[in-house]
Amino acid sequence: MLRRLASPSSLNFSRRLVLSATSSRNMSSTKAQSQFNNILKSEIESIKAAGTYKSERIITSPQNSAIRVAGQDGQESNQINFCANNYLGLADHPEVIARSKKYLDTHGSGLSSVRFICGTQNIHKDLENKITKFYGTEDTILYASCFDANAGIFETILTDQDAVISDALNHASIIDGIRLCKAKRFRYKNCDMADLEARLQEADKAGARMKLIATDGVFSMDGKIAPLDKICDIAEKYNALIFIDDCHSTGFLGPNGRGTAEYFGVQDRVHIVNSTLGKALGGAAGGYTTGCKEMIDLLRNRSRPYLFSNSLPPAVVGSASAALDLIEGAKTNGLFDQLWGNTKLFRKLLTDAGFTIKGDNHPISPVMLGDARLASQFADKMLQRGIYVVGFSYPVVPKGEARIRVQLSAAHTEAQIRQAADAFIEIGRELGVIGAKSKL
């Protein structure tokens, strides 16, 4: 049976229909994209108008107290870095780098898998065991970041029968993690023990089966240390568990660097610790949860960020492992003394000059400026004087509380700290932040 061939005219008509439909879709797509772009541009302009737009500076050297920074003109400048979480100066330590290279050679670049499929190597278990021993807990689970650890824990261990009582200034990752769970939610004023107790009473009245108090160990924008000893007292009074995010204390706070719980002598009274490998512990990436074995087993089976994220790369595991070894010897090699000495010196120099410094004598030393534009302008002027700092403003900190968050490191020398203090005072006088007569 012969097929009837389409005539040239009918073929042309079909092509026109296809082209017309394609053109309509393209126009619709272009219109949607244009509308989307306009919405985004409007939002970005509002951020710039508020003085809270954040630009990224480009570093062309390893992380340390002295770095090289590329300017917009492509020229590099030498800067003293005062805004890294590199508290012990281990980010480019030779032993950290060497262990990272060794694991890269022996275990490859990455696993191309999550842990439960084919992503668990002996080095992952070794690091988890090392962290467990460091804290004196029962078990530890590694994550790609502490943000992931915080995102994965609350919905895994809490149900709608439970309650979580969270500090008002907790890190964004804790807030996001709590949002994912179905537990009843209560918030208490920052480090306010009377308010914490009131919220626990509310949780009891709501019939909570289990109550979990969630707090940062150190609040990252303020350098304020949570009163963990008092929190433990209240928790035990109301039969509550305690969770802490200890990112800004792990490795250097406490006699042996074991964090906020050790600092207050309450290690055996805290139930869950989440923290990071990306700050004092080598500065690369990664996070973890450490606590009782049953909880870690449950997280391995139900924590979504763990189940659906690739394993930590071997090089990162190596750097963190070496950093932990170095921290175990920090009391003898002087890292702790150097860090706390630097912190004391910087805070004294700026306080004596008339600046307001928030926090509890922690290496996080926020220089309070108030106005977002002023903080940004101040940071730019510091960069011109060879001091790398960044202005923090809303939404990272509350409106009207803009600041420059200075972070001290064991890698800083006294000369570097005095140079930074001189620059702060000079610019502070120029911009009217402190009086003209302020001096070192």
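1. A residue counts as exposed when its relative accessible area is over 50%, and as buried when that area is under 20%. With a relative accessible area of 71%, Ser 112 is therefore exposed. The model discussed in this note is a predicted one, and the values quoted in the points below are to be read with that in mind.

2. Ser 112 belongs to the loop between α2 (94–107) and α3 (115–118), and its backbone deserves a look, since phi is positive there, at about 55°, although the residue is not a glycine. Cys 191 is a second residue other than glycine with a positive phi, in this case near 55°, and it sits in the loop between β6 (184–188) and α7 (193–205). Whereas Ser 112 is exposed, Cys 191 has a relative accessibility of 16% and so counts as buried.

3. A further backbone feature is the peptide bond between Tyr 394 and Pro 395, which is cis, with omega at about 10°. Pro 395 itself is placed in the loop that runs between β15 (391–392) and β16 (402–407).

4. Which side chains form polar contacts with that of Glu 128? The side chain of Arg 115 does so at 3.0 Å, and the side chain of Arg 300 does so at 3.2 Å. Glu 128 is part of helix α4, which covers residues 122–135, and its relative accessible area is 0%, so this glutamate is buried. If neighbours within four places in sequence are set aside, the residues in contact with Glu 128 are Arg 115, Thr 140, Ile 141, Leu 142 and Arg 300.

5. In helix α8 (residues 228–237), the buried residues are Leu 228, Ile 231, Cys 232, Ile 234 and Ala 235. An α-helix has 3.6 residues a turn, so residues three or four places apart point the same way. The elements against which the buried residues of α8 pack are β6, α7, β7 (211–216), β10 (241–245) and α9 (260–264). Just beyond the end of this helix, Asn 239 adopts a positive phi of about 55°.

6. Helix α5 (residues 146–157) and helix α6 (residues 172–180) have axes that come within 7 Å and cross at roughly 30°; angles under 35 degrees count as roughly parallel, and the two helices are therefore roughly parallel to each other. Their crossing is right-handed. On the α5 side the residues involved are Phe 147, Asn 150, Ala 151, Phe 154 and Glu 155, and these meet Ser 173, Ile 174, Asp 176, Gly 177, Ile 178 and Leu 180 of α6. Sorted by class, this contact is made up of six nonpolar, three polar and two charged residues.

7. A second helix pair is formed by α15 (residues 372–384) and α16 (residues 414–430), whose axes come within 10 Å and cross at roughly 130°, an angle that makes α15 oblique to α16. The crossing in which α15 passes α16 is right-handed. From α15 the contact draws on Phe 378, Lys 381 and Met 382, while α16 supplies Ala 420, Ala 423, Phe 424, Ile 427, Gly 428 and Glu 430. Six of the residues in this contact are nonpolar, one is polar and two are charged.

Note on methods. Residues are numbered from 1 along each chain as its sequence is written. This is a predicted model: local features need pLDDT of at least 70, side-chain atom pairs count only at pLDDT 80 or more; totals for chains, interfaces and linings use all residues. Side-chain values use heavy atoms; hydrogens and water are left out. Helices (H or I, at least four residues) and strands (E, at least two) are DSSP runs, numbered from the N terminus. Buried means under 20% relative accessible area, exposed over 50%, partly exposed in between (1.4 Å probe, protein chains only). A polar contact is a pair of N or O atoms within 3.5 Å; within protein, one must be able to donate a hydrogen and the other to accept it, and residues adjacent in sequence count only if both atoms are side-chain atoms. Contact means heavy atoms within 4.5 Å. Axes are lines fitted to C-alpha atoms, for helices over the stretch in contact, and angles run from 0 to 180 degrees between N-to-C directions. Angles under 35 degrees count as roughly parallel, over 145 as roughly antiparallel, 65 to 115 as roughly perpendicular and the rest as oblique. A crossing is left-handed if the near helix is turned anticlockwise from the far one by less than a right angle, and right-handed if clockwise. Ala, Val, Leu, Ile, Met, Phe, Trp, Tyr, Cys and Pro count as nonpolar, Asp, Glu, Lys and Arg as charged, and the others, Gly among them, as polar.
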